[in-house]
Amino acid sequence: MTIATPENRTLALAGVFQSVHLCKSLATTGRCDEEDLAATLRSILTLSADRVVDAYGGSHRGVRRGLRVLKSQLGGHDESRDLDLARYALALIQLGTNIMRDDSTVEQLRIGISRAQSLDFEVTDPTMISNFANLYRSSISHLSPRIMVSGDPVHLNDNTTASTIRAALLGGLRSVVLWRQCGGSRPTMILQRGQYVRQAERLLNG
């Protein structure tokens with residue numbers, strides 16, 4: 001059974017968009033949707049999945065927010081697009097692609113994620129979020145391109161919020177890897193935007 005299907009590519013790309021939506025929400029308001037965050041963070045711990053939906057808890061409902069953002073970003077008119085989200089998503093895709101070519105970083109992440117899997121906490125527990133954030137900081141934050149999230153300094157300078165943003169970015173990178181494994185690429189994302197939008201609409205209405 002091939003993983004490279006339009007539905008799987010759409011779900012994984014929705015995971016990327018959900019991650020950057022969480023980051024923007026945290027950076028600008030200091031808050032985010034807990035269920036969206038849980039699905040994004042759960043994907044980090046799912047290193048092998050037979051189906052893409054398994055990474056987000058076994059149902060496309062785990063990335064409903066991401067599917068809606070994907071639809072507005074790829075299918076909407078210019079005024080409905082969010083340039084911050086587009087910038088973050090493209091940078092995350094490039095960063096994830098670079099990481100996949102860097103064996104030492106991949107190994108660092110694999111070891112760090114294996115350790116996190118052994119912790120007996122919910123994915124949104126502060127201990128887990130701190131663990132994910134530290135893994136992002138030690139393995140990824142020095143790599144290019146650096147993801148510069150803009151927002152309210154009050155929130156960006158808050159340690160808990162900053163850690164949650166890093167954890168969400170790590171979840172986004174997991175989705176980038178899934179998307180690439182499903183055959184996703186930047187050139188085809190533009191060429192197949194109609195297909196992505198139709199798949200997102202089908203999943204949201206299903």
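Buried here means under 20% relative accessible area. Keep that cut-off in mind as we walk through this predicted model.

**Stop one: His60.** Select His60, in the loop between helix 3 (52–55) and helix 4 (64–75). Although it sits in a loop, His60 counts as buried because its relative accessibility is 18%. Now show what surrounds the side chain and backbone: setting aside neighbours within four places in sequence, His60 is in contact with Leu11, Val53, Leu67, Leu203 and Gly206.

**Stop two: helix 4.** One of those contacts, Leu67, leads straight into helix 4, where Leu67 is buried along with Gly66, Val69, Leu70, Gln73 and Leu74. Look down the axis: these residues cover an arc of only 165°, which means they lie on the same side of helix 4. An α-helix has 3.6 residues a turn, so residues three or four places apart point the same way.

What do the buried residues of helix 4 pack against? Colour helix 1 (6–29), helix 5 (83–100), helix 10 (186–191) and helix 11 (193–205), and you have the partners. If you check the span of helix 4, its 12 residues reach 16 Å from first C-alpha to last, close to the 16 Å expected at 1.5 Å a residue.

**Stop three: helices 6 and 7.** Next, select residues 103–117 (helix 6) and 126–139 (helix 7), whose axes are 10 Å apart and at an angle of about 170°. The two helices are therefore roughly antiparallel, and helix 6 passes helix 7 in a right-handed crossing. To see where they meet, show Thr105, Gln108, Leu109, Gly112, Ile113 and Ala116 in helix 6, then Met128, Asn131, Phe132, Leu135, Ser138 and Ser139 in helix 7.

Conventions:
Residues numbered from 1 in each chain as written. Predicted model: local features only at pLDDT ≥ 70, side-chain atom pairs only at ≥ 80, totals over all residues. Heavy atoms only, no water. Helix = DSSP H or I, 4+ residues; strand = E, 2+ residues; numbered from the N terminus. Buried < 20%, exposed > 50% of the residue type's maximum accessible area, 1.4 Å probe, protein only. Contact = heavy atoms within 4.5 Å. Expected span 1.5 Å × (residues − 1). Arc of directions from axis to C-beta. Axes fitted to C-alpha atoms, helices over the stretch in contact; angles between N-to-C directions. Parallel < 35°, antiparallel > 145°, perpendicular 65-115°, else oblique. Left-handed = near helix turned anticlockwise from the far one by under 90°.
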